Amino acid sequence: MAAGKGYVDVSTVDDATSKLIGKRITSTGASFLEAPVSGSKKPAEDGLLIFLTAGDESLYKRVAPLLDVMGKSRFYLGDVGNGAAMKLVVNMVMGSMMVSFAEGLLLSEKVGLDPNTVVEVISQGAINAPMFSLKGPSMVKAAYPTAFPLKHQQKDLRLALALAESVSQPIPTAAAANELYKVAKSLGLADQDFSAVIEALKAEMQSSQH
């Protein structure tokens with residue numbers, strides 16, 4: 001890198017790592033913009049990513065037209081590290097939501113309800129989320145085509161927990177979810193979609209019955 005050059009980093013790392021990368025880049029005279037994305041394989045293919053940027057504002061303005069080709073929206077969040085933190089907060093919520101959704105599907109089946117109907121009911125209510133409608137039907141069939149690998153979801157939860165600890169913020173729900181993703185990884189599901197965390201819950205149900 002050199003003066004006049006710009007470096008845009010779209011990886012998901014913790015804020016400390018992003019700041020370190022930024023310092024290395026700017027020490028060469030180049031400008032740095034962190035730009036982690038919210039969205040997985042399908043949104044990327046459809047140009048519907050959400051860019052969470054922070055760092056050099058002039059570089060942000062220069063690359064904005066390129067980001068608009070790949071994404072449906074973009075946010076400029078100020079200093080380097082804020083983009084990484086925002087991505088971890090979003091993925092922390094997503095990972096916890098998926099665990100709760102998986103629990104609901106399994107409970108509904110256990111009490112004699114059709115989990116597909118549960119997916120439909122949720123899709124029409126206040127807690128509707130595209131993730132539930134998209135993942136629910138395949139989860140009921142125990143199929144987990146990979147859009148966002150489970151190992152990446154667990155990594156993001158681990159990083160979110162570290163971020164929370166750095167500011168003394170308890171996040172017990174995310175901590176509990178993280179343990180289930182770790183169980184799912186131990187079951188050989190690391191490369192499956194993160195919705196495969198439901199298999200960790202099934203395993204816990206089976207072990208509790210013995």
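**Figure 1. Nonpolar surface patch formed by Leu66, Val69 and Met70.** In this predicted model, Leu66, Val69 and Met70 together make a nonpolar patch of about 310 Å² on the surface. Leu66 belongs to helix α3, which covers residues 57–70. With a relative accessible area of 56%, Leu66 lies over the 50% cut-off and is therefore classed as exposed. In soluble globular proteins, nonpolar side chains tend to be buried together.

**Figure 2. Salt bridge between Asp68 and Arg74.** The side chains of Asp68 and Arg74 form a salt bridge, with an N to O distance of 2.7 Å. Asp68 is partly exposed, at 40% relative accessibility. Arg74 is likewise partly exposed, and its relative accessible area is 31%. The count of salt bridges comes to 7.

**Figure 3. The largest nonpolar core.** This core has 37 residues, and those with the most contacts inside it are Met98, Phe101, Met139 and Tyr181. Two or more residues each come from α4 (82–110), α5 (115–123), α6, α7, α8 and α9 (198–208). Helix α4 gives the most to the core, with 9 residues. What does Phe101 touch, not counting residues up to four places away in sequence? Phe101 touches Val119, Ile122, Phe132, Gly136 and Met139.

**Figure 4. A second nonpolar core.** Separate from the core of 37 residues, a second core has 9 residues. Among them are Ala35, Leu59, Val63 and Leu67.

**Figure 5. Surroundings of Ser195 in the loop between α8 and α9.** Ser195 lies in the loop that joins these two helices. Is Ser195 buried or exposed? Its relative accessible area is 1%, under the 20% cut-off, so Ser195 counts as buried. Leaving aside neighbours within four places in sequence, Ser195 is in contact with Met98, Lys135, Met139 and Tyr144. Of these contacts, Met98 and Met139 are also named among the residues with the most contacts inside the largest nonpolar core.

**Figure 6. Two salt bridges from the loop between α8 and α9.** Asp193 and Lys135 meet through their side chains in a salt bridge of 3.0 Å, N to O. Asp193 is in the loop between α8 and α9 and Lys135 is in helix α6, so this pair ties together parts that are 58 residues apart in sequence. Both Asp193 and Lys135 are buried. Lys135 is also one of the residues in contact with Ser195. The other salt bridge joins the side chains of Asp191 and Lys151, at 2.7 Å, N to O. Because Asp191 lies in the loop between α8 and α9 and Lys151 in helix α7, the pair ties together parts that are 40 residues apart in sequence. Lys151 is partly exposed, with a relative accessible area of 33%.

**Figure 7. Positive phi at Ala142 and Ser168.** Most residues other than glycine have a negative phi. Ala142 is not a glycine, yet has a positive phi of about 60 degrees. Ala142 is placed in the loop between α6 (130–140) and α7 (150–166), and is partly exposed at 40% relative accessibility. Ser168 also has a positive phi, near 55 degrees. Ser168 sits in the loop between α7 and α8 (172–186). At 66% relative accessible area, Ser168 is exposed.

**Figure 8. The annotated span, residues 81–200.** An unreviewed UniProt entry places the feature "domain: 3-hydroxyisobutyrate dehydrogenase-like NAD-binding" at residues 81–200. In the model, this span is 70% helix and 0% strand. The C-alpha atoms at the two ends of the span lie 33 Å apart.

**Figure 9. The whole chain, for orientation.** The protein has 9 helices and 5 strands. From the N terminus on, the elements follow the order β-α-β-β-α-β-α-β-α-α-α-α-α-α. The C-alpha trace spans about 65 × 35 × 30 Å along its principal axes. Of the 210 residues, 40% are buried. Among contacts between residues at least 6 apart in sequence, 64% join residues at least 24 apart. The protein exposes about 11100 Å², and carbon and sulfur atoms supply 59% of this area.

Note on methods. Residues are numbered from 1 along each chain as its sequence is written. This is a predicted model: local features need pLDDT of at least 70, side-chain atom pairs count only at pLDDT 80 or more; totals for chains, interfaces and linings use all residues. Side-chain values use heavy atoms; hydrogens and water are left out. Helices (H or I, at least four residues) and strands (E, at least two) are DSSP runs, numbered from the N terminus. Buried means under 20% relative accessible area, exposed over 50%, partly exposed in between (1.4 Å probe, protein chains only). UniProt positions are given in the numbering used here, feature names are shortened, and annotations may be inferred rather than shown by experiment. Patches are made of residues with over 30% relative accessible area and no salt bridge: like charges are joined within 9 Å, nonpolar side chains (Val, Leu, Ile, Met, Phe, Trp, Tyr) within 5 Å. Accessible areas come from the Shrake-Rupley method with a 1.4 Å probe; for residues, only the protein chains shown count as cover. A salt bridge is a side-chain nitrogen of Lys or Arg within 4 Å of a carboxyl oxygen of Asp or Glu. A nonpolar core is a set of buried Ala, Val, Leu, Ile, Met, Phe, Trp, Tyr and Cys residues joined through side-chain atoms within 4.5 Å. Contact means heavy atoms within 4.5 Å.
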